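User: Please take a close look at one part of this model, the hairpin strands and the nonpolar core, and describe how each is put together.

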Amino acid sequence: MEAPTAAMEAPTAATSGGALPDLGGKEVKIAVENAYPPFNYINPSNKQGEGWDYEAWTEICRLLNCKPAFQESSWEGMIQAVGNGQFDAAADGITITDERKQQVDFSDGYIKVDQRLLARVGETRFTDMKSFVADSALRMGTQTGTTNYETAKKQLPEARIQAFEQFPFAVAALINGDVDAVIMDETAGQGYVGTSGDKVQLVGDPISSDALGFIFPKGSALVQPVNAALTEMRTSGKLDELAKKYFSAEFKLPGS
């Protein structure tokens with residue numbers, strides 16, 4: 001990561017939330033998975049990365065005078081890579097946890113999401129996590145290294161959990177009948193419902209509720225400016241605008 005410059009703390013013109021820091025055109029290297037819709041994904045028509053993370057960071061850098069440089073990285077190892085300084089930040093719908101805070105610094109939470117079960121349309125063997133747990137024949141899919149995986153392990157023996165490298169693989173396994181449900185954040189689940197509503201549905205009450213944030217190397221000088229930008233986006237209504245665009249059943253992946 002580049003050494004912080006004095007320009008990072010210089011104020012810009014006042015906004016509705018007060019003066020914002022000016023990063024002096026600094027390039028910010030941001031890790032994204034490009035496989036976690038609606039946060040980040042590749043548009044098949046133009047092969048470009050898109051999603052909530054792209055729009056949010058574009059707005060953050062507009063407010064702070066920086067240049068977002070998105071770099072694809074697998075989820076497995078992403079947190080460690082940021083902690084080691086390979087990236088300036090990462091955006092991937094990352095749940096804020098005390099364990100992760102030992103490796104990286106977090107921004108303020110930009111959204112609070114529920115963990116839910118994604119099931120096939122027409123599923124009758126279970127209606128929520130309790131009835132899923134009660135049927136020993138059912139298998140749960142999720143993604144490795146996520147808080148969803150940790151939640152699944154608290155509810156089920158590991159023999160009933162199939163972990164995948166990416167959520168799209170888990171959802172494909174669900175649709176194909178290889179697993180019976182997928183535990184994931186509701187925001188991501190709504191994206192899959194919007195894309196494949198004839199095949200999958202969210203069922204049951206929320207299993208847990210978690211705040212999501214961006215991550216940075218420990219001691220990063222970017223945390224405070226990004227928090228200031230998030231506050232401005234919350235005040236201006238930009239975060240609500242992005243939530244309506246991406247975190248609803250109306251969201252559909254390009255080409256779906």
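**Hairpins and core**

Analyst: The model is predicted. Strands S5 and S6 form a hairpin with 4 residues between them. In that turn, Lys47 has a positive phi of about 60°. The pairing of S5 (residues 40-43) with S6 (residues 48-50) is antiparallel and runs over 3 bridges. Within this pairing, Asn43 has Gln48 in S6 as its bridge partner.

S5 also takes part in a hairpin with S4, and here 3 residues lie between the two strands. S4 covers residues 35-36, and 2 bridges join S4 to S5 in the antiparallel sense. Tyr36 stands opposite Asn40 in S5. S5 is thus paired with S4 and with S6.

Next comes the nonpolar core. The largest one has 48 residues. Trp52, Trp57, Ile60 and Phe214 are the residues with the most contacts inside this core. Helix H1, which spans residues 52-64, gives the most to the core, with 8 residues. Residues of the core come from both domain 1 (27-110 + 213-247) and domain 2 (113-210), so the core lies between the two domains. A second core, separate from the largest one, has 14 residues. Among its members are Ala119, Met129, Met140 and Ala181.

Conventions:
Residues are numbered from 1 along each chain as its sequence is written. This is a predicted model: local features need pLDDT of at least 70, side-chain atom pairs count only at pLDDT 80 or more; totals for chains, interfaces and linings use all residues. Side-chain values use heavy atoms; hydrogens and water are left out. Two strands pair if DSSP finds at least two bridges between them. A nonpolar core is a set of buried Ala, Val, Leu, Ile, Met, Phe, Trp, Tyr and Cys residues joined through side-chain atoms within 4.5 Å. Buried means under 20% relative accessible area, exposed over 50%, partly exposed in between (1.4 Å probe, protein chains only). Domain bounds come from an automatic or database domain assignment.
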